[in-house]
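Trainee: I've got a structure to look at and a few things I'd like to sort out. Can we go through them together?

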Amino acid sequence: MAEQRPQLPLTPHQDEEFVSQTIYLSGHAYMRCKFERCTFIVTNTPFVLSQNRITGCNWRIECDILWADPSSRSNLRRLLDVIDGALDELGMPPQGGDQA
C-alpha cells in the first residue's frame with residue numbers, strides 16, 4: 001500500500017490585481033489575477049497559477065534540490081516551464097538568434 005502525503009490547503013485568490021508587490025506563490029492558488037511589476041517568491045511548497053496576466057514581474061526561487069530525490073529536480077524543471085509559459089503568454093521575443 002502506497003503512502004499518501006496529506007494535501008496542503010491552498011489560499012485562493014481570484015480576479016485580484018497586484019501591482020509592485022512581493023508575492024509569495026507557495027501555499028496559494030492564484031486564478032485570473034493580474035500581476036504588474038511584482039516579485040514572485042517560490043519555495044518548495046505547492047502553488048497554483050491559472051489564467052493570470054503577468055507583466056514585468058521578477059522571480060525569486062528558493063528551493064532545495066536534493067541529490068537523493070530526483071523529484072526535486074523534476075519540480076524545478078516544471079517551475080521553469082511555468083516561468084517560460086508566463087513569458088510566452090506575454091509574447092516575449094526569444095533570446096539570441098537573428099535580430100533586425
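**Strands, then a serine**

Mentor: Sure, and keep in mind that this is a predicted model. To begin, β4 pairs with strand β7 (residues 48-50) in the parallel sense, over three bridges.

Trainee: Which residue in β7 is the bridge partner of Ala 29?

Mentor: We've just seen that β4 and β7 pair in the parallel sense. Within β7, the bridge partner of Ala 29 is Val 48.

Trainee: And how many bridges link strand β1 and strand β4?

Mentor: Look at β1 (residues 11-14) beside β4 (residues 28-31), paired in the parallel sense. One bridge you can pick out joins His 13 to Tyr 30 in β4. The number of bridges between β1 and β4 is four.

Trainee: On to Ser 72: does it count as buried or exposed?

Mentor: You'll find Ser 72 in helix α1 (residues 70-89). The cut-off for buried is under 20% relative accessible area. Ser 72 has 8% relative accessibility, so it counts as buried.

Trainee: Which residue's backbone nitrogen does the side chain of Ser 72 reach?

Mentor: Leaving out residues up to four places away in sequence, Ser 72 touches Asp 64, Ile 65 and Leu 66. The side chain of Ser 72 reaches a backbone nitrogen at 3.0 Å, and that nitrogen belongs to Leu 66.

Trainee: What separates the C-alpha atoms of Ile 65 and Asn 44?

Mentor: Ile 65 sits in the loop between β9 (58-61) and α1. Along the chain, Ile 65 and Asn 44 are 21 residues apart. Their C-alpha atoms are separated by 9.3 Å.

Conventions:
Residues numbered from 1 in each chain as written. Predicted model: local features only at pLDDT ≥ 70, side-chain atom pairs only at ≥ 80, totals over all residues. Heavy atoms only, no water. Helix = DSSP H or I, 4+ residues; strand = E, 2+ residues; numbered from the N terminus. Buried < 20%, exposed > 50% of the residue type's maximum accessible area, 1.4 Å probe, protein only. Polar contact = N/O pair within 3.5 Å; in protein donor to acceptor, adjacent residues only side chain to side chain. Contact = heavy atoms within 4.5 Å. Pairing = 2+ DSSP bridges.
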